[in-house]
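Work through the exercises below with the model open. Try each task before reading its solution.

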Amino acid sequence: MGDTLARLAVAAGLNVMISNSRGPETLKDLVQDLGPLARAGSVADVAREADIVIAAIPLIAYKQLPADTLAGKIVIDLTNYYPQRDGQIAVLDENASTASELVQAHLASSFVVKTFASIAFATLGNGARPKGDPERSTLPVHGDDAAAKARVMDLLDTLGYDALDDGRLADSWRAEPGTPIYVNPYMTEWPAEPMTVDQLFAWLRAAPVIPMSQQRAADLLASAARGPAGGRFPETI
Ligand SMILES: NC(=O)c1ccc[n+]([C@@H]2O[C@H](COP(=O)([O-])OP(=O)(O)OC[C@H]3O[C@@H](n4cnc5c(N)ncnc54)[C@H](OP(=O)(O)O)[C@@H]3O)[C@@H](O)[C@H]2O)c1
């Protein structure tokens, strides 16, 4: 997701700084590929320098986000709870919280906004369209701070998406794994035959995008019923 969002941002003319857990030297090839608007830094560099930070990390790593350095910043959370990867998290299993509320509680002095979590990375990359394009898609946005949410909705517009304000972080379960808007309606049917992960990623990269109108996004979000939290990797893998 970080790679895809960096490509969309560079394509939109934004400066991008990327980081990972292993250090900036491991990102040289990606930076070169992204071009002159991109550079790599440490997590602390990104936290200090970025106007908007996108935490494109597994949920299990959220407590490693540097809360002090991120104080006062807008942080986009796109994590999804996958117990096979993240381990069981009781408050999520009990539907007593959402993944983004956990991130906000850790980043108590930041403005956490949830978006990009309900679309697959390849669809996100392939589905960006200029404003007014009839094939432009809509992504849901959740957040507790109105100004931060508005700023992130502007960013979505810049990157090629319409945004739909669907309420607070507590409401973000409506776009979590297993809900009607999650991943599937933005793309054609998953292939029926079993695939390796590499085959699945290749299929995803080539799969046509199904545009999501504002009305369809609103209808899908409204039709969500809260079930067991946490996604399951597709059984085709
Ligand atoms: N893949 C999708 O289509 C998709 C769609 C929507 C939402 N999401 C959600 O987006 C998040 C990222 O998914 P992904 O598929 O992009 O995962 P990924 O390909 O495994 O990438 C995760 C990235 O996070 C970095 N990272 C992990 N722990 C870190 C830490 N403590 N500090 C800094 N960087 C750290 C990793 O760096 P290193 O490699 O150096 O450890 C890696 O670059 C997940 O929560 C996922 O559920 C994914």
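**Exercise 1. The ligand.** Which polar backbone atom lies 2.9 Å from an oxygen atom of the ligand?

Solution. Some ground rules come with the task. This is a predicted model, in which local features need pLDDT of at least 70, side-chain atom pairs count only at pLDDT 80 or more, and totals for chains, interfaces and linings use all residues. Residues are numbered from 1 along each chain as its sequence is written, and side-chain values use heavy atoms, with hydrogens and water left out.

Step 1. The 2.9 Å partner is a polar backbone atom of Ile57. A polar contact is a pair of N or O atoms within 3.5 Å.
Step 2. Look for further backbone partners. A polar backbone atom of Leu78 is 3.4 Å from a ligand oxygen. For Asn80 the distance from a ligand oxygen to a polar backbone atom is 3.3 Å.
Step 3. Now take the area. Alone, the ligand exposes 890 Å², and the protein buries 70% of that (Shrake-Rupley method, 1.4 Å probe).
Step 4. List the surroundings. The ligand has 20 residues around it (a heavy atom within 4 Å); the closest are Met1, Ser21, Arg22, Gln64 and Phe121.

**Exercise 2. The sheet.** Give the strand order, then find the edges.

Solution. Step 1. Five strands make an open sheet, ordered E3-E4-E5-E6-E7, with mixed pairing. Strands are DSSP runs of E, at least two residues; helices are runs of H or I, at least four. Two strands pair if DSSP finds at least two bridges between them.
Step 2. Strands E3 (52–55) and E7 (162–165) are the edges, since each pairs on one side only.
Step 3. From one strand to the next, the twist averages 30°.
Step 4. Inspect one pair. E4 (residues 74–77) runs parallel to E5 (residues 111–114), over four bridges. Asp77 stands opposite Lys114 in E5.

**Exercise 3. Helix H1.** List the buried residues of H1 and their packing partners.

Solution. Step 1. In H1 (residues 2–11), Thr4, Leu5, Ala6, Leu8, Ala9 and Val10 are buried (under 20% relative accessible area).
Step 2. These residues pack against several elements, including strand E1 (16–18), helix H2 (28–34) and helix H8 (146–159).
Step 3. Just after H1, Gly13 takes a positive phi of about 85°.

**Exercise 4. Ser118.** Is Ser118 buried or exposed?

Solution. Step 1. Ser118 lies in the loop between E5 and H7.
Step 2. Its relative accessible area is 3%, so Ser118 is buried.
Step 3. Leaving aside neighbours within four places in sequence, Ser118 is in contact (heavy atoms within 4.5 Å) with Pro140, Ala175, Ile181, Tyr182, Val183 and Tyr186.

Methods: Axes are lines fitted to C-alpha atoms, for helices over the stretch in contact, and angles run from 0 to 180 degrees between N-to-C directions. Buried means under 20% relative accessible area, exposed over 50%, partly exposed in between (1.4 Å probe, protein chains only). A polar contact is a pair of N or O atoms within 3.5 Å; within protein, one must be able to donate a hydrogen and the other to accept it, and residues adjacent in sequence count only if both atoms are side-chain atoms.
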